[in-house]
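This report describes one protein chain, going from its strand pairing to its surface. The sequence and structure come first.

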Amino acid sequence: MKSALKKEIDIQKIMSQFENSVKFYLNTEDDNDYILIFELCDKTLEDLLKEKKHFTSDEILHIMNGLNKVFKYMANNGFVHRDIKPAKILIKYVDESKTKYIPKVTDYGFSKALEDGLTSTRVGTGLYKAPEIEKEKIREQVLKEKEEL
């Protein structure tokens, strides 16, 4: 098994213990194929945002509290997700009327163990990066252009 995929599976297995992380059930492999079986969810937070367009403060707190549990555990155990965005937060309805749901984090492919509390590589989706990261990239580009003059 490729090491990056194995790392992602290992992290997913650890995170499966949380209600707010997509459950990982099984992985099998043969010569060149990998089969991964995850919990079936109903939609992404991105889909829900497009449908609802407005959330109550209670709904926002419900989503953020669920995500906080996952990210707090990750941080306390020395690793970070590094690519969180609405498309990687799945929604699992818990009632037939589809009014109650559990937000669930998925896709730990860019997750990384922290070394000395820091991670030096920059990954993720540009639209969802922290402004400080883009500001630093712009500053580096300006300094590089000045050096070239």
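In this predicted model, strand S5 pairs with strand S6 (residues 101-105) in the antiparallel sense, and five bridges connect them. Within this pairing, Lys-92 has Ile-102 of S6 as its bridge partner. Strand S5 also takes part in a second antiparallel arrangement, with strand S3 (residues 43-44), to which two bridges join it; here Thr-44 stands opposite Leu-90 of S5. As for cover, S5 spans residues 89-93 and is mostly covered, with four of its five residues buried.

The two pairings of S5 are set out below.

| Pairing | Sense | Bridges | Residue pair |
|---|---|---|---|
| S5 and S6 | antiparallel | five bridges | Lys-92 and Ile-102 |
| S3 and S5 | antiparallel | two bridges | Thr-44 and Leu-90 |

These strands belong to a chain whose secondary structure comes to four helices and seven strands, arranged along the sequence in the pattern α-β-β-β-α-α-β-β-β-β-α. Among the contacts in the chain with a separation of 6 or more, 60% are between residues 24 or more positions apart. Of the 149 residues, 29% count as buried, while the chain exposes about 10,200 Å², of which carbon and sulfur atoms supply 55%.

On the surface, Tyr-25, Leu-26, Ile-35 and Ile-37 make a nonpolar patch of about 390 Å², and the elements that give two or more residues to this patch are strand S1 (24-29) and strand S2 (34-38). Tyr-25, which lies in strand S1, counts as exposed because its relative accessibility is 54%, and the cut-off for exposed is over 50%.

Definitions and conventions
Residues numbered from 1 in each chain as written. Predicted model: local features only at pLDDT ≥ 70, side-chain atom pairs only at ≥ 80, totals over all residues. Heavy atoms only, no water. Patch = residues over 30% accessible without salt bridge, like charges linked within 9 Å, V, L, I, M, F, W, Y side chains within 5 Å. Areas by Shrake-Rupley, 256 points an atom, 1.4 Å probe, with all protein chains shown as cover. Salt bridge = Lys/Arg side-chain N within 4 Å of Asp/Glu carboxyl O. Buried < 20%, exposed > 50% of the residue type's maximum accessible area, 1.4 Å probe, protein only. Contact = heavy atoms within 4.5 Å. Pairing = 2+ DSSP bridges.
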